[in-house]
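Me: Please take a close look at one part of this model, the helix that holds the nonpolar surface patch, and set it in the context of the chain.

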Amino acid sequence: MNEPALFARRGTAGREAGFTLVELMITLVVLAAVSMAIVTVLIGSQRSKTSTANSVETSQSARMALEMMARDLRSAGYGVDRDYTMAPQPPIAYIDSTQVLINENLSPYPDSTTAGGVAVHGA
């Protein structure tokens, strides 16, 4: 057998049978780059999801706290002096969707005190 013919036939047969080391290395580098891009996107989306979930939970907690305070303010002072028919105590607060109106008690209990037998008002 002729030696150049052997190399020529082996080269063509080897070329058709598999990949070279350079081709495999290029494939691995491209695969690594694509994998890193996918991992980066997944990590970013996970952080975004966590941040959004925390923001929603914070908003819901604040809304719930405001609703609890509004409910407490709405019910504050109602029915305290039902038996006093002359001038019943007004509610302490009126709650609207945008404002809170609070009543001031200008003459707190006791309405008057005595100091040395003399009635003092507002003390």
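Reply: Helices (H or I, at least four residues) and strands (E, at least two) are DSSP runs, numbered from the N terminus. On that basis the chain has 2 helices and 4 strands, in the order α-α-β-β-β-β from the N terminus on. This is a predicted model, in which local features need pLDDT of at least 70, side-chain atom pairs count only at pLDDT 80 or more, and totals for chains, interfaces and linings use all residues. Residues are numbered from 1 along each chain as its sequence is written, and side-chain values use heavy atoms, with hydrogens and water left out.

The helix in question is H2, residues 21-75. H2 has the highest mean pLDDT among the elements of the chain, 93, whereas strand E4 (residues 118-121) has the lowest, 50; pLDDT is the predictor's confidence in each residue, from 0 to 100. The chain averages 75, and 53% of the residues score at least 70. Where pLDDT is low, the predicted coordinates should not be read in detail.

Leu42 lies in H2 and belongs to a nonpolar surface patch with Val22, Ile26, Val30, Val34 and Ile38. Together these residues have about 550 Å² of accessible area, from the Shrake-Rupley method with a 1.4 Å probe. Such patches take residues with over 30% relative accessible area and no salt bridge (a side-chain nitrogen of Lys or Arg within 4 Å of a carboxyl oxygen of Asp or Glu); nonpolar side chains (Val, Leu, Ile, Met, Phe, Trp, Tyr) are joined within 5 Å, like charges within 9 Å. Leu42 counts as exposed because its relative accessibility is 53% (buried is under 20%, exposed over 50%, partly exposed in between; 1.4 Å probe, protein chains only).

Thr58 is also found in helix H2, and counts as exposed at 53% relative accessibility. The Thr58 side chain reaches the backbone oxygen of Asn54 at 2.8 Å. Of the 123 residues of the chain, 4% count as buried.

Notes. Polar contact = N/O pair within 3.5 Å; in protein donor to acceptor, adjacent residues only side chain to side chain.
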